[in-house]
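Let's take a friendly walk through a protein model. Have the sequence and the 3D view ready, and look up each place as we come to it.

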Amino acid sequence: MADDWGLELPATRRTILFADLVESVRLYESFEVRTIDGWRRFAALARDRVAPLHGGRLVRTVGDSLLMEFQTAASATGAAFDLHQALAQFNGADAGDAAMWLRVGVHVAKVVAEENELWGSGVNLAARLASLAQPGQTAASAEVRSGLCDGVQARVEDLGLRYMKHVSEPVRVFLLHAPDQAAPARAPSSADLRPAVAVVPFVAMPADAVNDALGHAMADEIIASLSRHPGLRVLSRASTAAVRGVTDPSRLRELLGASFLLSGRFYMRGPRIRLAAELCELRGGEVLWAGGVNGDVDALFEGQDELVPHLVAQVSQHVLAHELTRVRSLPMDSLASYSLLLGAQGLLNSLSPPDFASAREVLEHLADRHPRQAAPHALMATWYVYRVLQGWTDSPTQDVQRSSDAADAALQRDPTSTDALVAHGMALVFTRRDFIEAERAFRQALSHDPHCAAAWARLSECQSQAGEHADAVRSALHAVALSPLDPQRFLYESYAARAAWMCKDYAQAGELARASVRRNAMHCPAHRLLIAALWLQGQVEQARRAAADLVRLIPGARASDGPSATSLTRAHTPFVQVLMDAGLPE
């Protein structure tokens, strides 16, 4: 850590937890002895039990706050939940006005650490985050959110951008709830009796950032191959990646809704790889198969190594006793590029303006580095569509055309790429409102990958336009069911809300839109659907508050932004007019 004066200080990256005692002045004034005794015992418990349990330490405590540090966002989040629970037990059932409550803020930053103090602006930001929480709540920054999986370490609620005292730029803020606290019910899927298989990205031993990307890449290949089998349902890697490290079979089954789990660890020695894998039946926790496979990394990327096909064959033999075909080549010809592609997807999905702009830079770099690859162009097409839908463009017509050009570029490079076909269909909807040809593109994508959640979600829009409203709802909910932990789940819930709207089921539309907004408060289309659904259910004040929330979160948001608003208006209800009645600018 250095400054403009040339001073150098030894800084380390830590997750900072700041806990503040709510209404401490009143408590010490009215219940002094009880508060002192309770806070001293609680601070000792935080130091001796909670911090060590989560691999952290209590740095300091004063009469109304705690400062703690942890290695990871997940460990700090677990500690925050334990602190809330422990303090509630200290209060007892008869505490009344003497009850103590915490507000907790969690942030990741570089700090200068000493035995009894942490120095750095990150500590101040953690304290500012705590001030935004209500009694008994935990608020976190985007840096913390990126280290958590919604529904696993915490149930995450996106509050969007918030301004804080003495902080020059707005900060993306998330509320963290314990995962077992009022978790929303899983969206129903269509009646599908096929066994569901989850493939968890393999873990590098020892841990290494580059090798970690190889673990994801191999999982992608196995998922792509298994997805071609009509007798299997296969969950997306974006969902299964979130549960690496979860070992309890019943918990995995609850989180993923899967019947079988393939996981493993791999070891690198030069260009050679040794993978130890196991296939587990999640209902009873029985290991159906376990074995070791050797391979060559270079041959793997060239499609000449049998490591992945061997694993695929083992899974199919033990789940369905049916061998599958050879997998496709890896999506990128270098692990560094693959890591960048994963990062670009995360930046794009965050819908935070700075992250969103960075995603474009990464994708342009990847397109230049790999001129024959379809994936960067397909994601670039999505980037332009999102920019139009969010109302962030001064040239919507040009951006719509740029989306179409990027989709065409992806399709030219790989006519069988699922991502390219989905991007092409999406561009057909945006540029020409050609839902018939777009539906063909989405169905072609599904013929290559029957479990592509993005294709199912966007197919629902075409079905709605054709008047096939019940089918549209089923397709959209199927996309949601395929993505229990997928970072893009908010998008699929938005499509499901749209399909329910077209069915005139405003209650279901509102429920799904609210779930989408909870996962990503920066997603404009879900906000608009929520506002309109509330208004048409007669919840006028709630609709007006939702409209005010949207304008606060995304200044400049308008009722008529995006082609979807026009198509919803044409369907049967004056969608844009409803939004304007609720207070959203035209």
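The model you see is predicted. A good starting place is a pair of strands: β13 (residues 272-281) and β14 (residues 286-296) run antiparallel to each other and are joined over 10 bridges. To see one of these bridges, find alanine 276, whose partner in β14 is glycine 292. Together β13 and β14 make a hairpin, with 4 residues between the two strands. In that turn sits glycine 285, with a positive phi of about 80 degrees.

**The whole protein**

Now zoom out. The protein's secondary structure comes to 24 helices and 14 strands. Of its 586 residues, 54% are buried. If you take the contacts between residues at least 6 apart in sequence, 66% of them join residues at least 24 apart. The protein exposes about 25400 Å², and carbon and sulfur atoms supply 50% of that area.

**Three helices and their lengths**

A helix can be checked with simple arithmetic. At 1.5 Å a residue, the expected span of a helix can be set beside the distance between its end C-alpha atoms, as here for α2, α21 and α15.

| Helix | Residues | Expected span | Distance between end C-alpha atoms |
|---|---|---|---|
| α2 | 32-53 (22 residues) | 32 Å | 30 Å |
| α21 | 524-536 (13 residues) | 18 Å | 19 Å |
| α15 | 418-432 (15 residues) | 21 Å | 21 Å |

For α2, the two values agree. They also agree for α21, and again for α15.

Where does α2 bend? Look at alanine 46, where α2 bends by about 40 degrees. Alanine 46 is also one of the buried residues of α2, a list that includes Thr35, Trp39, Phe42, Leu45 and Val50. What covers the buried residues of α2? The cover includes strands β1 (12-21), β2 (57-62), β3 (65-70) and β4 (102-114), along with helices α1 (24-30) and α3 (73-91). Just after α2 comes glycine 55, with a positive phi of about 70 degrees.

Helix α21 is largely enclosed by the rest of the structure, because 12 of its 13 residues are buried. Among them are Cys524, His527, Arg528, Ile531 and Trp535. After α21 comes glycine 538, whose phi is positive, near 85 degrees.

Helix α15 has 11 of its 15 residues buried, so it too is largely enclosed by the rest of the structure. Its buried residues include Thr418, Leu421, Gly425, Met426 and Phe430.

**The nonpolar cores**

How many residues does the largest nonpolar core have? It has 92, and Tyr492, Trp501 and Ile531 have the most contacts inside it. Helix α13 (residues 375-390) gives the largest share of this core, 11 residues. Another core, of 36 residues, lies apart from it, and includes Leu27, Val104, Val156 and Phe174.

Tyrosine 492 deserves a closer look. Leaving aside its neighbours within four places in sequence, tyrosine 492 is in contact with Ala453, Ala454, Ala457, Ala476, Ala479, Val480, Ser483 and Asp486.

**Two charged residues in helices**

Is glutamate 439 buried or exposed? Glutamate 439 is found in helix α16 (residues 435-448). Its relative accessibility is 17%, and buried means under 20%, so glutamate 439 counts as buried. Not counting residues up to four places away in sequence, glutamate 439 touches Leu459 and Cys462.

Arginine 360 has its place in helix α12 (residues 353-369). At 25% relative accessibility, arginine 360 counts as partly exposed. Beyond residues up to four places away in sequence, arginine 360 touches Met380, Trp383, Tyr384 and Arg387. Its C-alpha atom is separated by 9.6 Å from that of proline 376, which is 16 residues apart from arginine 360 along the chain.

**Positive phi without glycine**

Finally, visit two loops. Glutamate 23 lies in the loop between β1 and α1. It has a positive phi of about 55 degrees although it is not a glycine. With a relative accessible area of 48%, glutamate 23 is partly exposed.

Lysine 504 lies in the loop between α19 (489-502) and α20 (506-519). Lysine 504, although not a glycine, has a positive phi of about 65 degrees.

How values were computed
Residues are numbered from 1 along each chain as its sequence is written. This is a predicted model: local features need pLDDT of at least 70, side-chain atom pairs count only at pLDDT 80 or more; totals for chains, interfaces and linings use all residues. Side-chain values use heavy atoms; hydrogens and water are left out. Two strands pair if DSSP finds at least two bridges between them. The expected span of a helix is 1.5 Å times one less than its number of residues. The bend at a residue is the angle between axes fitted to the seven residues ending there and the seven starting there. Buried means under 20% relative accessible area, exposed over 50%, partly exposed in between (1.4 Å probe, protein chains only). Contact means heavy atoms within 4.5 Å. A nonpolar core is a set of buried Ala, Val, Leu, Ile, Met, Phe, Trp, Tyr and Cys residues joined through side-chain atoms within 4.5 Å. Accessible areas come from the Shrake-Rupley method with a 1.4 Å probe; for residues, only the protein chains shown count as cover.
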